[in-house]
Amino acid sequence: MTPPYRVGDELPPLEIPVTRTLIVAGAIASRDYQDVHHDAASAREKGSPDIFMNILTTNGLVGRYITDHFGPTAVLRKVAIRLGAPNYPGDVLRLTGRITELRTADASSADTSSADASSEEVVDAVEAIEAVVQVTGGNGIGRHVTGTVAVTLPEPSAERAGA
């Protein structure tokens, strides 16, 4: 059964240790062979204190955050992110999210980000088919990533639909 969601719902945070292995594996998996993602000496020569995570790895971690929350049948429809402070080995990336929009089966918006939980415009317990989530991720330096993810939610169970 798909749980009801509301605009303004906060997703539980996800903390991901940033290791050398994660940075290098993410770069290799995304075929990003720039030396700043695997060679500390080259990264220092280019002005960075160490190797750092590439954007595709961050994009994948944001996607993981969303699908971990909504379940394995949730489908990412759009992921749009912007990077800020780099992720270096030894830090922790802490992802947080908030539902900013829900779309129902008729594809109309059930709510918008301008409404708050006490507003009369808030639709109660929407059985949504798509959610838009604002995601942010920080580390010890500052804000690493900000973005918006549109995700198709798991379909309600047959027993719920017949209720």
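These legends go with a set of close-up views of a predicted model.

**View 1. Two aromatic rings meet here, tyrosine 5 and phenylalanine 70.**
Let's start with the rings. A pair of aromatic rings is described by the distance of the centres and the angle of the planes. Here the centres are 5.1 Å apart and the planes make an angle of 70°, so the arrangement is edge-to-face, because an angle over 60 degrees counts that way. The structure holds one aromatic pair, and it brings together distant parts of the chain: tyrosine 5 sits in the segment before β1, while phenylalanine 70 belongs to helix α3, 65 residues apart. Are the two residues buried or exposed? Both tyrosine 5 and phenylalanine 70 are buried.

**View 2. Helix α1 has a buried side and an exposed side.**
This helix covers residues 20-29, and Ile23, Gly26 and Ala27 are buried in it. Look down the axis of α1 and you'll find its buried residues within an arc of 100°, which means that they line one face of the helix. Turn to the face pointing away from that buried side and you meet the exposed residues Thr21 and Ala29. Here's a handy rule for picturing this: an α-helix has 3.6 residues a turn, so residues three or four places apart point the same way.

**View 3. Arginine 31 has a positive phi.**
Move on to the loop between α1 and α2, where arginine 31 lies. Most residues other than glycine have a negative phi. Arginine 31 isn't a glycine, yet its phi is near 55°. Its relative accessible area is 68%, so arginine 31 counts as exposed.

**View 4. Lysine 46 and aspartate 35 join two loops.**
The structure holds six salt bridges, and this is one of them, with N to O at 2.7 Å. Lysine 46 lies in the loop between α2 and α3 and aspartate 35 in the loop between α1 and α2, so the pair ties together parts that are eleven residues apart in sequence. How accessible are the partners? Lysine 46 is exposed at 57% relative accessibility, whereas aspartate 35 is partly exposed at 21%.

**View 5. A salt bridge connects strands β1 and β3.**
In this view the side chain of arginine 94 meets that of glutamate 15, at 3.3 Å from N to O. The partners come from distant parts of the chain: arginine 94 is in strand β3 and glutamate 15 in strand β1, 79 residues apart. Arginine 94 is partly exposed, with 38% relative accessibility. Glutamate 15 reaches 52%, so it counts as exposed, because the cut-off for that label is over 50%.

**View 6. Helix α3 carries a salt bridge between aspartate 68 and arginine 64.**
The closest N and O atoms of this pair are 3.2 Å apart. Both residues lie in helix α3, with four residues' spacing, or about one turn of the helix. Aspartate 68 is partly exposed at 48%, and arginine 64 is partly exposed at 37%. Elsewhere, Glu101, Arg103 and Glu130 are joined into one network by salt bridges that share partners.

**View 7. Ile55, Leu56 and Leu83 make a nonpolar patch on the surface.**
Together these three residues have about 240 Å² of accessible area. Zoom in on leucine 56, which has its place in helix α3. Leucine 56 is partly exposed, at a relative accessible area of 47%.

**View 8. Strand β6 pairs with β2 and with β5.**
How many bridges are there between β2 and β6? These two strands run antiparallel and share eight bridges, and one of the pairings sets lysine 78 against alanine 150. Alanine 150 also has its C-alpha atom 6.2 Å from that of leucine 76, although the two are 74 residues apart along the chain. Leucine 76 is found in β2 and is partly exposed at 34% relative accessibility. With β5, strand β6 pairs in the antiparallel sense too, over nine bridges, and glutamine 134 stands opposite threonine 148. β5 and β6 form a hairpin with four residues between them, and in the turn glycine 142 has a positive phi of about 160°.

Key:
Residues numbered from 1 in each chain as written. Predicted model: local features only at pLDDT ≥ 70, side-chain atom pairs only at ≥ 80, totals over all residues. Heavy atoms only, no water. Phe/Tyr/Trp six-rings, centres within 6.5 Å; stacked < 30°, edge-to-face > 60°. Buried < 20%, exposed > 50% of the residue type's maximum accessible area, 1.4 Å probe, protein only. Patch = residues over 30% accessible without salt bridge, like charges linked within 9 Å, V, L, I, M, F, W, Y side chains within 5 Å. Areas by Shrake-Rupley, 256 points an atom, 1.4 Å probe, with all protein chains shown as cover. Salt bridge = Lys/Arg side-chain N within 4 Å of Asp/Glu carboxyl O. Pairing = 2+ DSSP bridges. Arc of directions from axis to C-beta.
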